Amino acid sequence: MKTQNQRAWFFVLPVLLLVAFNALIPMMTVVNYSVQETFGNNVFFWEGVRWFEELLNSERFHAALGRQFLFTGIILAIEVPLGIAIALAMPRSGPWVPVCLVLMALPMLIPWNVVGAMWNIFALPDIGLLGYFMNTTLGIDYDMTQNPFAAWATIITMDVWHWTSLVVLLSYAGLVSIPDAYYQAAKIDGASNWSVFRYIQLPKMKQVLTIAILLRFMDSFNIYTEVFVMTGGGPGNSTTFLSIDLVKIALGQFDLGPAAAMSLIYFAITLLVSWLFYTLMTKDDAK
Amino acid sequence: MTITLNNITKVVAGQTHIKPTSLSFQTGHFNVLLGETGAGKTSLIKLMAGLDPIASGTIEMDGQDVTKLTTQKRNISLVHQFFVNYPHMTVFDNIASPLRVAGMAKSEIQGRVEDAADILQLRPMLHRRPHELSGGQQQRTALARAIAKESQAVFLDEPLANLDYKLREELREQLPELFAGRGAVVVYATSEPEEALLLGGSTALMDDGNVVQFGPTAEIYRNPKTLMAAKVFSDPPINVAKVSKRGNTLTMGQSAKWDAASLNDTPDGTYHIAVRPHHVTPTPSPANTVALEGKILVTELSGSESSAHFAMPDANWVSLAHGVHPYQVGEDHPFYLDPSACLLFSEDGQIVAGGGA
């Protein structure tokens, strides 16, 4: 038995190497930067926890973090119920099933930057379909490069269009695994549609929904590409989410130390929230 | 409480699954639906439960027309052949679920669930999940839910079919007491004639979407109106053969011949006789007088009974007798028929004479 266990390490080694190069070493580099100051030329000065202290006390970071949580909160509040509702409305059998599934999967297959470019053009006030329709047909002053509210609304609509399908497909997978007998039993119990949803469908979807919410949280919390292409963080700083701000600090101002500290805090927040959520959702099952 | 079906039918995609059916189920005894798999028992139950739409006819419960009512509004319970319990709920919550939906007070739910659990010996399992229970306990949970709900109608769709033999016997014995005095109409579907005899106050024999006969169980067992009814209500299968009648004499095959004095008024001609396997014995007796020549095909011993399938020139029959008989497969063996136990049917399958045995 013991020799077998030792041999297992040998098989894990390649993966370990791979993880080391794509995660651990870059991560350590970031840790290295986060406690030092550099002016290029590979010259470093020790700074200790200064960047962390500064960042945690910086209003700019608080504002970006606030925008990030607000954005992610809105995204989850829209996409999760909407995704479940669409999954409930989709047919369980028949010729329309594959049609619905393909239609649903389509937005997810488009690359992030293409999605950003598409929506950017879509929203242009003079030639974009959406922009033109809003301004000329409806007479609403709509320009996401000028109006923060328009920028938020457009980015949220874009994300809902792009990623609600993920929630739909996962919920749908949970729904079709429920045998007819449960629906019949619920009907005989006298259950209303709401009780059927609350006591049969929702519990059956719980596991896939946990995954869906987790993925949507992490993705929307780390959103970068689409926002960069669509608004670049503007107008003003109104759509400067954490990732946009991070890139501005790291590549715009070339403050590698503060940027590295911010990356670590950003990562820690994502990890912490995901872990908390996952632990809460799976607590009952472990009992 | 009664359930009355007036000419109800079920049609799916142009195919008639249930032909026009009129029945009246009463409270106070078990109403058995007996028929083979595919005879329409489950279909009929689903129609009564409102789970499937009826194509025509009406259903009344206690004189009230419920045809248009949804399942939710009919006060019913259903226990399936396979065990349906909500997997994420404890046994307690499973039994309580219809009561919670009805908005009953917590204290009353507690009392009702505990009563039902006591009757079905589930008290120690109340806080377990269904997957932690044996098949018998799972099915008892489903039965407890039906009992706790105190519904007007309880449909049991082959509830014992997936249980092992011993549990099945045990639960079958308990079933009639469980529902006695509860005022609910109990409809019990089964494919086993023996179960109908053990349980049934009244039985509806079903075949191919038709109710072929309905009445008090013992009565329709003794007096089937048609050959089909006799076939449905017999296990092992009832023995059937063609006979010709001339005067008072019935002739079957080459050699078997006997007098039937009670057939004076029946015209001469060709008929079918049907006789249950236990009226065909390997040894003669004062009742079993008509000798048949058979060749043994298959023999089975079950407990204290021996059955033998034997071939005659124009029919294969089964004999069922007490005791252990030393049959040899392939040997020629005489069997003896009790002529007074024979049912005589016309060629189109209507009863002509016999019965009461």
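## A tour of chains A and B

Start by selecting Phe30(B): beyond its neighbours within four places in sequence, this residue is in contact with Leu156(B), Leu175(B), Pro176(B), Phe179(B), Val186(B), Tyr188(B), Leu199(B), Gly200(B), Gly201(B) and Ser202(B). Please keep in mind throughout that you are looking at a predicted model.

**Stop 1: the core around Phe30(B)**

Keep Phe30(B) on screen and add Ile95(B), Val113(B), Leu143(B), Leu156(B), Leu175(B) and Phe179(B). These seven have the most contacts inside the largest nonpolar core, a set of 43 residues. Which element gives this core its largest share? Colour residues 135-149 of chain B to see: helix H4 supplies six residues.

**Stop 2: chain B as a whole**

Now zoom out and show chain B as a cartoon. You should find eight helices and 21 strands. The C-alpha trace of chain B spans about 75 × 45 × 35 Å along its principal axes. Of the 357 residues in chain B, 49% are buried.

If you can draw a contact map, try it here. Among contacts in chain B with a separation of 6 or more, 64% are between residues 24 or more positions apart.

Switch to a surface view next. Chain B has an accessible surface of about 16,100 Å², and carbon and sulfur atoms account for 49% of it. Colouring by charge brings up 29 positive and 38 negative side chains in chain B, with the centres of the two sets 7 Å apart.

**Stop 3: four loop residues in chain B**

Return to the cartoon and walk through some loops.

- Select Ala13(B), in the loop between strand S1 (2-12) and S2. Its phi is positive, near 50°, although Ala13(B) is not a glycine. Is Ala13(B) buried or exposed? Ala13(B) counts as exposed because its relative accessibility is 79%, over the 50% cut-off.
- Move on to Gly28(B), which sits in the loop between strand S2 (15-26) and strand S3 (30-34). With a relative accessible area of 77%, Gly28(B) is exposed too. For a distance to display, pick the C-alpha atoms of Gly28(B) and Leu197(B): they are separated by 16 Å, with their positions 169 residues apart along the chain.
- Asp62(B) comes next, in the loop between strand S4 (56-61) and strand S5 (64-65). Here again phi is positive in a residue other than glycine, near 55° for Asp62(B). Asp62(B) has a relative accessible area of 46%, so it is classed as partly exposed.
- Finish with Pro236(B), in the loop between helix H8 (227-232) and strand S11 (239-246). Show the backbone as sticks and look at the bond joining Asp235(B) and Pro236(B): this peptide is cis, with omega about 0°.

**Stop 4: where chain B meets chain A**

Bring both chains into view and select the residues in contact across the boundary. The selection should hold 20 residues from chain B and 14 residues from chain A. The size of an interface is often given as the accessible area lost when the parts come together. Chain B and chain A bury about 1,600 Å² between them, with 61% of that on carbon and sulfur atoms. Which residues of chain B lose the most area to chain A? Highlight Gln72(B), Tyr86(B) and Val101(B): together they make up 35% of what the chain B side buries.

**Stop 5: chain A as a whole**

Hide chain B and look at chain A alone. Its secondary structure comes to 12 helices and two strands. Trace chain A along the sequence and you meet one helix, then the two strands, then helices to the end, in the pattern α-β-β-α-α-α-α-α-α-α-α-α-α-α.

The C-alpha trace of chain A spans about 75 × 75 × 30 Å along its principal axes, and 40% of the 287 residues count as buried. In chain A, 67% of the contacts with a separation of 6 or more join residues 24 or more positions apart.

On the surface of chain A, about 16,100 Å² is accessible, and 71% of that belongs to carbon and sulfur atoms. Chain A carries 14 positive and 18 negative charges, whose mean positions are 15 Å apart.

**Stop 6: helix H11 of chain A**

For the last stop, select residues 242-252 of chain A, which form helix H11. The buried residues here are Leu242(A), Ser243(A), Ile244(A), Asp245(A), Leu246(A), Ile249(A) and Ala250(A).

Zoom in on Ser243(A) in this helix. Why does Ser243(A) count as buried? Its relative accessibility is 8%, under the 20% cut-off. Leaving out residues up to four places away in sequence, Ser243(A) touches Gln68(A), Asn222(A), Ile223(A), Tyr224(A) and Tyr266(A). Then step past the helix to Phe254(A), which follows H11(A) and has a positive phi, near 55°.

Key
Residues numbered from 1 in each chain as written. Chains lettered and ligands numbered in written order. Predicted model: local features only at pLDDT ≥ 70, side-chain atom pairs only at ≥ 80, totals over all residues. Heavy atoms only, no water. Core = buried A, V, L, I, M, F, W, Y, C linked by side-chain atoms within 4.5 Å. Buried < 20%, exposed > 50% of the residue type's maximum accessible area, 1.4 Å probe, protein only. Helix = DSSP H or I, 4+ residues; strand = E, 2+ residues; numbered from the N terminus. Contact = heavy atoms within 4.5 Å. Areas by Shrake-Rupley, 256 points an atom, 1.4 Å probe, with all protein chains shown as cover. Lys, Arg positive; Asp, Glu negative; His and termini not counted. Charge placed at Lys NZ, Arg CZ, Asp CG, Glu CD. Buried area = accessible area lost by both parts, 1.4 Å probe.
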